[in-house]
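Please open the model in your viewer and keep the selection tool at hand. The stops below go from one selection to the next, with a note on what to find at each.

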Amino acid sequence: MKATATRPFDARTDATLAKLDAAGQYKHLQMLQGPMDASVTIRKADGSSHRALCFCSNNYLGLANHPEVIDAGIEGLKKYGAGTASVRFICGTFEPHERLEQTIADYMGTESSYTFVSCWTANEALYPTFAEPGDLILSDELNHACIIDGIRLAHSIKKCARKVYKHSDLADLRSKLESAHDLGLDKDGPNPGQIWVITDGVFSMEGDIADLRGLRKLCDEFGAMLVVDDSHGHGVMGKTGRGTHEHFGMLPGGSDGQVDFFTGTLGKALGGGAGGFIAGPKRGSELIVQRGRPTLFSNALPVTVACSATKAIEILMREPQRVQTLRDNTAYARQQITAAGFEVIDSPTAICPIIVGDTARAIAMSKRLLELGVFVIGFGFPVVPEGAARLRVQLSAAHTRAHIDELVGALKKL
Ligand SMILES: Cc1ncc(COP(=O)(O)O)c(C=O)c1O
């Protein structure tokens, strides 16, 4: 059927796209002609290729193109085929899924884990499944979009209350916890609702981290459950790269308490393919199997990805020195970028946002950097607030000092 611009959707979509283009905010997808690594091959408009250093991937440990990770995926594909062509509770689960979930639990220091096709799906499964009417969900204002949407879903399906607390502001969170009874939550009554406090471990646009110890203390005071999405913390935070909880000494056996549930991704440091998980007590995983809509009505993570991700976590546990290399690279890059006269948000993570203000400016700078052989993405509204556009530089253990020097050289030319 021929597309016409007379129906409401067609007309308004054309107008939106034209507006984005006119404002210099139109996103163009780059076509890669080879694997993700410290540098990538990008297809140019004329069909030729050019090589660029990659500083915008979440390939923090350089495992996305690791030979063992690739081989594990190939072996999985050969042995199990593409998939079960159904959901897990109907058609069964491949053994690599069981192995991956045990590996994730061991890595995170939790009793169990359950995997999904993405961390987005894990967050969409967790809140609507775990929350019940009468519960209250408190969420950091800079939480990732999939946490926000998962909470919206819980609010709409389970009719639980939700509130947003100011970014990393424990005093604001306390006041919201104190006023929980105003929302109908009576923790001492006959049907006490559950309070949930939800935060990113590492905030993806700022690169800063949540004060998990402070959050744990507050949660304990108010009987709240603490849920942490540590998608950018895996492979990055803590001595052995287990995440932000390791950074704060909150692995099992630590004296500062633990996180109740985690969500995380396998699509960044832990192999870089795709996939997400919920990790925590076994009763949570069991409830997800019984009641989670994405687990009851959607297929499992492809088995080849499950095999690659298991291998990636094994490599991380075997070679914790990768985490130190990443840390050294990040410290060096921060120091060099700052010395070149740019304003970089300080943090202990591998995300170095260079604040440039205007969205169109961030996009133009990113375009110029690519011409100079450096791939860094500019983020603007609506991904970050209006006026706070930035170039988000992300480091990897795969980078060398020479790569970082080249990045800084290109930044100086802007
Ligand atoms: C904090 C956070 N959570 C979840 C996700 C989504 O992960 P996935 O790609 O596995 O859906 C991202 C991805 O950008 C993220 O930054």
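Begin by selecting strand E8 together with strand E9 (residues 276-280): the two run antiparallel and are joined by 4 bridges. Within this pairing, Thr263 stands opposite Ile278 in E9. Bear in mind throughout that the model is a predicted one.

Now add strand E7 (residues 225-229), which runs parallel to E8 and is joined to E8 by 3 bridges. Here Asp229 has Thr263 of E8 as its bridge partner, so that Thr263 is a useful residue to centre on, with Ile278 opposite in E9.

Keep E8 (residues 261-265) selected and look at its surroundings: 5 of its 5 residues are buried, so the strand is largely enclosed by the rest of the structure. The cover lies on both faces, with Phe261, Thr263 and Thr265 buried on one side and Phe262 and Gly264 buried on the other.

From Thr265, move to the ligand: 13 residues are around it, and those that come nearest are Ser118, Cys119, Trp120, Ser231 and Thr265. Colouring the shell by residue class will show 3 nonpolar, 8 polar and 2 charged residues.

Next, select helix H12 (residues 303-318), whose 16 residues reach 23 Å from the first C-alpha to the last, close to the 22 Å expected at 1.5 Å a residue. This helix is mostly covered, 12 of its 16 residues being buried, among them Val303, Cys307, Lys311 and Leu316. To see what covers the buried residues of H12, display helix H2 (67-80), helix H4 (95-108) and helix H13 (321-339), which are included in that cover.

Then colour by domain, taking 22-54 + 320-412 as domain 1 and 67-318 as domain 2; their centres, taken over C-alpha atoms, are separated by 28 Å. The contact between them takes 16 residues from domain 1 and 16 residues from domain 2. On the side of domain 1 that touches domain 2, H13 and strand E10 (351-357) each supply at least two residues, and by class that side has 13 nonpolar, 2 polar and 1 charged residues.

For the last stop, select the open sheet of 3 strands, which lie in the order E1-E2-E11 with mixed pairing. Strand E1 (39-43) and strand E11 (374-375) stand at the edges with a single partner strand each, so one side of each is left without a neighbour in the sheet. E1 pairs with strand E2 (residues 49-54) in the antiparallel sense over 5 bridges, and the bridge partner of Arg43 in E2 is Ser49.

Key
Residues are numbered from 1 along each chain as its sequence is written. This is a predicted model: local features need pLDDT of at least 70, side-chain atom pairs count only at pLDDT 80 or more; totals for chains, interfaces and linings use all residues. The expected span of a helix is 1.5 Å times one less than its number of residues. A residue is buried if 20 or more other C-beta atoms lie within 10 Å of its own, exposed if 12 or fewer, and partly exposed in between; C-beta atoms are placed from the backbone. Two residues are in contact if their C-beta atoms, placed from the backbone, lie within 7 Å. Two strands pair if DSSP finds at least two bridges between them. Domain bounds come from an automatic or database domain assignment. Ala, Val, Leu, Ile, Met, Phe, Trp, Tyr, Cys and Pro count as nonpolar, Asp, Glu, Lys and Arg as charged, and the others, Gly among them, as polar. A residue is near a molecule or strand if its C-beta atom, placed from the backbone, lies within 6 Å of it.
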